[in-house]
Amino acid sequence: MDLLEEHNRARAQVGVPRLQWSIRLAREANEWAQHLAQQGRMIHATRDQRAGSGENLWMGHAGYYGADTMVGGFVAERQHFRNGEFPKVSSTGNWRDVGHYTQVIWRGTREVGCAVARGRQNDFLVCRYFPAGNVYNQRVF
């Protein structure tokens, strides 16, 4: 549950409600993480494949990184974050520079489920979120 705690630590910093762990989302995340590990590359599932849930992906050298670093990669994007209506949420002018972070702290998201799968060279983290964040014309929090 370190992955959940890392998410909730970031959410506490901005004062949004804690996420609950979803077994369903974790199972779906595991299926996609296994797929990515077999493929050896990162690619987002389609909206239909995700059944409308949000998704964050991370990849790093196999066996080297813990949950704090994996989720920390999402949270590190806060350096460019500015609260506002999505997609106008980045000091760089590109929401993709903060899109992982905004999904982590999205006020309307209530559940998360994550899984890590090991490929030949890399570990692949998939986190799924429900309801999905990064909704156009809505405030992050």
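Biologist: What is the relative accessible area of Arg9?
Modeller: This is a predicted model: local features need pLDDT of at least 70, side-chain atom pairs count only at pLDDT 80 or more, and totals for chains, interfaces and linings use all residues. Residues are numbered from 1 along each chain as its sequence is written, and side-chain values use heavy atoms, leaving out hydrogens and water. Buried means under 20% relative accessible area, exposed over 50%, and partly exposed in between (1.4 Å probe, protein chains only). Arg9 is partly exposed, at 47%.

Biologist: Which residue forms a salt bridge with Arg9?
Modeller: A salt bridge needs a side-chain nitrogen of Lys or Arg within 4 Å of a carboxyl oxygen of Asp or Glu. Here the closest N and O atoms are 3.0 Å apart. The partner is buried, at 18% relative accessibility. Arg9 pairs with Glu6.

Biologist: Why are Glu6 and Arg9 about one helical turn apart?
Modeller: An α-helix has 3.6 residues a turn, so residues three or four places apart point the same way. Helices (H or I, at least four residues) and strands (E, at least two) are DSSP runs, numbered from the N terminus. Glu6 and Arg9 are separated by about one turn because they are three residues apart in helix H1.

Biologist: How far apart are the end C-alpha atoms of H1?
Modeller: The expected span is 1.5 Å times one less than the number of residues. For the 13 residues of H1 that gives 18 Å. The model agrees, with its end C-alpha atoms separated by 19 Å.

Biologist: Against which elements do the buried residues of H1 pack?
Modeller: The buried residues of H1 include Leu3, Leu4, His7 and Ala10. Contact means heavy atoms within 4.5 Å. The buried residues of H1 pack against S1, H3, H4, strand S3 (111–118) and S4.

Biologist: Which residue meets Glu5 in a salt bridge?
Modeller: The N to O distance is 3.1 Å. The pair links distant parts of the chain, from Glu5 in helix H1 (residues 2–14) to a residue in the loop between H1 and strand S1 (20–21). Glu5 is partly exposed at 34%, and its partner is partly exposed at 48%. That partner is Arg18.

Biologist: How many residues apart are Arg128 and Glu55?
Modeller: Their side chains meet in a salt bridge, 2.8 Å from N to O. Arg128 is in strand S4 (residues 122–130) and Glu55 in strand S2 (residues 54–61), 73 residues apart.

Biologist: Is Arg128 buried or exposed?
Modeller: Its salt-bridge partner, Glu55, is buried at 9%. Arg128 has 2% relative accessibility, so it counts as buried.

Biologist: With which side chain does the side chain of Ser90 make a polar contact?
Modeller: Ser90 is in the loop between helix H3 (67–75) and helix H4 (99–105), and is buried at 4%. A polar contact is a pair of N or O atoms within 3.5 Å; within protein, one must be able to donate a hydrogen and the other to accept it, and residues adjacent in sequence count only if both atoms are side-chain atoms. A polar atom of the Ser90 side chain lies 3.3 Å from the backbone oxygen of Asn94. The side-chain partner, at 2.7 Å, is Thr92.

Biologist: Which feature does UniProt place at residues 2–137?
Modeller: UniProt positions follow the numbering used here, feature names are shortened, and annotations may be inferred rather than shown by experiment. The span is 34% helix and 20% strand, with end C-alpha atoms 32 Å apart. The unreviewed entry names it "domain: SCP".
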